[in-house]
Amino acid sequence: MIYNEQLAETPLALCDLPAALTERQRRGQEPLPGVLPLSTRLKATFATDIRALPAPTRRLLLLAALEADASLTTVRTAAQGHADVDDLASAQQADVLQVDTVTGRMVFRHPLMRSAIVQTSSPDERRSAHQALAAALAGNPEHRVWHLAEAATGPDEEVARALVEVATSTWRRCNPSTAGARGSDEAAFSTRRRVHRGGRARARR
């Protein structure tokens, strides 16, 4: 059943997705957004089952959609008592996703299901989910600081510093030479500017 639905949904996605991207994104001159924008048709196709689910289930799905590497443990921790993994049963029955309770792996029916889940949530719900994920991922600096940046509603010096530190650490691990260190400083500065611009943009939404 799942595979048949995927085959039916894929041609529609191939037709509609390019129109939702900018020309530079289609040409590969700019990176694709973290969450692909969905057309009205795609949103209707993927979001129908989501809207019918209980609120606690939708909260868990949003947490899983915003953290690509989320495990059941991460989602349970981030839910902070507002929902429990048992609430995912209705999502499984609706074929929105499947959960392997042994490995803790969560697999969505279709890659665009993540986009539909995110786009059917409110900005406040997304910020709250990002904050919860940042708290749950305290032991993963890269993922934690990314979620903090996404939760920011305006320029945030503390988050900007954390992003700079993570960017610098990552670059130096990959480029231990002096040239690499210089590159990390430039990357960190660029990251800091993006945080400020992104925060201002989110504050206007």
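**Close-up 1. Where helix α3 meets helix α7 in this predicted model.**
On the α3 side, the residues in contact (heavy atoms within 4.5 Å) are Leu-42, Lys-43, Phe-46, Ala-47 and Ile-50, and they meet Leu-112, Met-113, Ala-116, Ile-117 and Gln-119 of α7. Sorted by class, that contact has eight nonpolar, one polar and one charged residues. Here Ala, Val, Leu, Ile, Met, Phe, Trp, Tyr, Cys and Pro go down as nonpolar, Asp, Glu, Lys and Arg as charged, and the others, Gly among them, as polar. The axes of α3 (residues 40-51) and α7 (residues 112-119) come within 9 Å and cross at roughly 75°, so the two helices are roughly perpendicular to each other. Axes are lines fitted to C-alpha atoms, for helices over the stretch in contact, with angles from 0 to 180 degrees between N-to-C directions; under 35 degrees is roughly parallel, over 145 roughly antiparallel, 65 to 115 roughly perpendicular, and the rest oblique. Helices (H or I, at least four residues) and strands (E, at least two) are DSSP runs, numbered from the N terminus.

**Close-up 2. Helix α4 crossing helix α8.**
For α4 (residues 55-66) and α8 (residues 123-136), the axes come within 10 Å and cross at roughly 65°, so this pair is roughly perpendicular too. The crossing is right-handed, that is, the near helix is turned clockwise from the far one by less than a right angle (anticlockwise would be left-handed). From α4, Arg-59, Leu-62, Leu-63 and Leu-66 meet Glu-125, Arg-126, Ser-128, Ala-129, His-130, Ala-132 and Leu-133 of α8. Class by class, that gives six nonpolar, two polar and three charged residues.

**Close-up 3. Asp-95 in its loop.**
Look between α6 (89-93) and β1 (97-100) and you'll find Asp-95 in the loop. Its phi is near 60°, a positive value in a residue other than glycine. Asp-95 is buried, with a relative accessible area of 12% (buried is under 20%, exposed over 50%, partly exposed in between; 1.4 Å probe, protein chains only).

**Close-up 4. How confident the predictor is along the chain.**
Mean pLDDT (the predictor's confidence in each residue, from 0 to 100) is 78 for the chain, and 76% of its residues reach 70 or more. Among the elements, α8 has the highest mean, 95, and helix α11 (residues 178-204) the lowest, 50. Values stay under 50 over residues 1-9, with 11 contacts beyond four places in sequence, and over residues 178-185, with 10 such contacts.

**Notes.**
Local features need pLDDT of at least 70 and side-chain atom pairs count only at 80 or more, while totals for chains, interfaces and linings use all residues. Residues are numbered from 1 along each chain as its sequence is written, and side-chain values use heavy atoms, with hydrogens and water left out.
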